[in-house]
Amino acid sequence: MISVKEKIAYGLGDTASNIVFQTVMLFLTYFYTDIFGISPAFVGTMFLSVRLIDAITDPLMGSLADRTQTKWGKFRPYLLWFALPFGFISVLAFTTPDLSENGKMVYAFVTYTALMMVYTAINIPYCALGGVLTADPKERVSVQSYRFVFAMLGGLMVSSMTLPLVEYLGQGDEAKGYQLTITAMSILGVAMFIACFWGTKERLHPPVDQRSNFKQDFGFLFKNDQWRILSIAAICLMSGMVLRTSLAIYYVKYYLNMPDSVTLFITLGMLGNIAGCVLAEPLAKRVCKVKAYISLQVIAASLCIVSYFVPPEQVHLAFGLFILWGFSFNMATPLLWAKMADTVDYGQHKTGVRITGMIYSSIIFFIKLGVAIGGAAAGWLLAGYGYVADSPQTATALDGILISFTIYPAFGSILVAIVMRWYILNDRKVSEINEQLTLQNQSLATKGQ
């Protein structure tokens, strides 16, 4: 059993990560288009193009972490090494130097790329750390439940405090307000990463005789059919989710015509997210987490579709459906990350090689690809429907915001539910694999004596 103290320490790492991740999802598109003055079409293209870099850096980072040997373990040291660079580059990404239009685009591309690279360097080892804290399938769900409760607390902080802090610190200058707000949040994030480093312990290790290189690791990776399923699901999942969260500001400000209620809307949504994460662990104790995950995606898709039919004057219903969507969608999130750890065990059982960092990094790449597709789609759709920043919108633009916020994200969850029907690592199968791996490890240890 892992202590509550260690679960909290691990969760603080995702609080720190979400200070940036949730800010990017909720505010960066708006910051680029309405504050920095970049065209939404360029923003969408930039989000997607940076993922081409991740296609190289993510698996390299996972492989590097797998081969790291320090007195602190394989994954924990990166929390210490990259906490400060992560905070510093976050501030740069939300800084608005006085440049020409082309200069702004170059600056945004360089700083956003740097932000995603340092995010890779710290977040992939952090996520992989969750796969080596325990071998117990139930404890894995518990660890991830704590993690995502704290992740959503970070998101709650971002959603509830960002705009008020921008107004307070900027004193009418939104650009300055964003910069100072992210500075304050980044300082807090650095402290949380360091607390995560000191409060956790790596317990699972590769077989003592394991030897492989980067090329071989890729071969082992693609032999893992369950990894392929999770990777496809990750793209579909995050594309829909990021499209919806990116357009939440536009939906409230323009469709509901309540610009002063943006913070309330996304904050209440975040509270729904937290409630869902809290209930993931008791749900997993009663229902197979694969079946539960599929059902929750169907529910989330249904809530998105229902939201399309809500007229703008039905404000309370619009708010309530968004809260329920966050609740159901994020109840599934800890289950997904627990399944990643199960997939690592499955790969070791199938190939004899444990590549925790490689599996996590590759799935995270597909998650980030989904984030990019969702962010790019948001920018492209806004441009395609004729959105004009900080201006009264045409009927076409309002209809586009509505359908992009409701119907299109529903397709993502529906596709996830379909793909996960081929996922075979249910609770019984995972327990059988863990028993066999334990016997193998004992046998290797005996031979080594």
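A disulfide is a pair of cysteine sulfur atoms within 2.5 Å. The structure is a predicted model, in which local features need pLDDT of at least 70 and side-chain atom pairs count only at pLDDT 80 or more, while totals for chains, interfaces and linings use all residues. Residues are numbered from 1 along each chain as its sequence is written, and side-chain values use heavy atoms, with hydrogens and water left out.

**Exercise 1.** Determine how many disulfides the whole structure holds, and examine Cys 196 and Cys 304.

*Solution.*
1. The search of the whole structure gives zero disulfides.
2. Cys 196 takes part in no disulfide, as the nearest cysteine sulfur, that of Cys 127, is 10 Å away.
3. For Cys 304, the closest cysteine sulfur belongs to Cys 236 at 14 Å, which is too far for a bond.
4. Buried means under 20% relative accessible area (1.4 Å probe, protein chains only; exposed is over 50%, partly exposed in between). Cys 196 has 0% and is therefore buried; Cys 304, at 1%, is buried as well.

**Exercise 2.** Describe the surroundings of Ser 328.

*Solution.*
1. Ser 328 is placed in helix α12, residues 315–331; a helix is a DSSP run (H or I, at least four residues), numbered from the N terminus.
2. Its relative accessibility is 5%, so Ser 328 counts as buried.
3. A polar atom of the Ser 328 side chain lies 3.2 Å from the backbone oxygen of Trp 325.
4. Neighbours within four places in sequence aside, Ser 328 is in contact (heavy atoms within 4.5 Å) with Leu 296, Ile 299, Ala 300 and Leu 303.

Technical notes:
Helix = DSSP H or I, 4+ residues; strand = E, 2+ residues; numbered from the N terminus. Polar contact = N/O pair within 3.5 Å; in protein donor to acceptor, adjacent residues only side chain to side chain.
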